[in-house]
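Dear colleague,

I am passing on the structure that I mentioned to you. Please open it beside this message, and then read the notes that follow.

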Amino acid sequence: VSEGREWRPVLYRKCTDTLWLLLFFLFWAALMFITGYAVMAGAAERLVLGYDSFGNICGRKNTPVKGAPLSGQDMTNKKYVFFLNSCSLEMQSLKISSVSLCVSSCPQEQLNSLEDLQSFARNNGSCLCVYNLNISSYTLNPKAAELCPALPVPPSKSFPLFNRCIPQNPECYSKYASILISTVNEMDVFHRILSGILAGRDTVIGLSFLALAFSFMLVLAFRFIRTLLVHTLIALVVFGLLFVSGVLWWLYYDYRNDPSTELETEKENVKFLLGYAVFSTIVTVVLLSLLFVLRKRLQFTVQLFRIVGKIIGRIPFLLFQPLWTFLILVVFWLFWVAVLLSLGTAGTAQTTSGGRVEYRALSGISYMAWYHFIGLIWTSEFILACQQMTIAGAVVTCYFNRNKNNLPPHPVLSSIAVLFCYHLGTAVKGSFLITILRIPRIVLLYLYNILKKKESACPKCLFKCCFCWFWCQESCLRYFNQHAYTTTAINGTNFCTSAKDAAFILAKNSAKFASIICFGDFILFLGKVFVVCFTVFGGLMAFNYHRELQAWVVPLLLVAFFAYVMSHSFLSVFEVTADAMFLCFAIDMETNDGSEEKPYFVDQDLLTFMNQSNKLTEGQKHRSSRPFQEYEDGTELQLM
């Protein structure tokens, strides 16, 4: 089939992989049902703002709960959660037994008597006793000792961890922190992720924008790349790897020898700091070794990026394509996090003795959370696949055009129109295959975390081997998916046919382009490492200032993940352009011979580059040795 195919961009296309597009619509219909259910049954504000023992969410107006007379109050000016017995908290069925209130400010000084509580309430407008007790009755009501906090009230400080008043007394602080940490430790992975997101949400958002700035700077740098710039990038990557590794080891040594490291979250930070430091050191050694081995091919890579930059110069809007993709991804991620928070707080309010309110989790939430997580992977991969197909379509239009200086109008918009009209199903199928390979990796990682406490080395080694095998399979599938998208952009065929045709061409030309593509991808990978290193370094410096109660392992992983996704989204312009260009070149050499009947479409600079690289076979060198003629006339887009 592949040998007899006429490789030409077609004008009249048909929809491809329609059933897969229908399946994706059905999947999103179920996802929207989960979203509606989460919005109706959940209350993300309870997790973000905190709530008292009577069903009131701090910092907003509330609606009454049946059977709770102290519910439904206006807490707009009362933004902090205060526990009456902050020095003697107890846990009962994963619930803190102490009564909690919404207060406008936390006591900055120790309060030793009911008169001090009364004076604090009058001066600061913050009542530390139960709502139905008037300020004037603090010293007169015989039940004031039960309705007010236990004396003495330690000085406390508002902390941005669920808006709690944290006691500053060392003994009270230790007990308070232990209870909160034990609450988090008893939660499942789903709620731990929520806690990590909320604990460092502001820092994560700021570092994500820092990664965006680094990525955009690298895109502009690669567009106008020169030899000095490549040397500068390599020097910065080497410096960044060494510096980040050194900072990680220094922080690990500092945390380990800190005598105040007694809380479980701080010990967990020390353990993960050691893991980060070891991983960063291994990556540094491997990348420095590769740089030393491949140093002689540096000038060759500069020529490659100049040719890719020339193509992007003819289609300048390709540089803005990652920005659109990034904005779409950000909107989707914000939507996903909002739904996740709503799912985490989905529960029904039930009144207990004393007019208190408890929220009972609804059944089936964990299954919805896993389905929601699969939606995150599949939809993110689908968005990235649409970007790859858009770039590939624009590059195909540029390549299969005789007059390189007179391209069809708006090639990027035309490629987007073709994608949305005909080939969305192909992008859905390719992204689904990536998702299928990624889910077993996540399941293996989850099982590994459950079984890691066991000392048996054989199961651990088996898990790691399976994890690496799935990662290699995913990487290979990504490579073939990218070429399948380019083939679909040329021939308008479905995913399976395009993958088979692309595999046929790549199998015949793999030896010619392997070293070129690999080293070019390696330089782009160094760019991604640069973005991740300096973003993670910023995260280390930011999270290091909040050691107390700050389990910043999950936020730091989120920062590294977002930084890599952003850098990959931006730098993939050059990766997809180079891969599409080489596939078009292989097709050109396979179907044409340079004669008047079958002239080449290749640009003179690319042909010279390929001849100088000594990667063509003897037969292709014989064909390319003929005088190159640039044909200005004729129809570029021929019907199949």
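**Cysteines and their links**

The structure holds three disulfides, a disulfide being a pair of cysteine sulfur atoms within 2.5 Å. Please bear in mind that this is a predicted model, in which local features need pLDDT of at least 70 and side-chain atom pairs count only at pLDDT 80 or more, while totals for chains, interfaces and linings use all residues. Residues are numbered from 1 along each chain as its sequence is written, and side-chain values use heavy atoms, with hydrogens and water left out.

One disulfide is formed by Cys58 and Cys102, whose sulfur atoms are 2.0 Å apart. This pair links distant parts of the chain, since Cys58 is in the loop between α2 (44-49) and β1 (80-83) and Cys102 is in strand β4 (residues 100-103), 44 residues apart; helices (H or I, at least four residues) and strands (E, at least two) are DSSP runs, numbered from the N terminus. Both Cys58 and Cys102 are buried, where buried means under 20% relative accessible area, exposed over 50%, and partly exposed in between (1.4 Å probe, protein chains only).

Another disulfide joins Cys106 to Cys165, with 1.9 Å from S to S, and because the torsion about the S-S bond is about -75°, this link is left-handed.

Cys129 is joined to Cys148 by a disulfide (S to S 2.0 Å), and here the torsion is about 105°, so the link of Cys129 and Cys148 is right-handed. Cys127, by contrast, is in no disulfide, and the nearest cysteine sulfur, that of Cys129, is 7.8 Å away.

With best wishes
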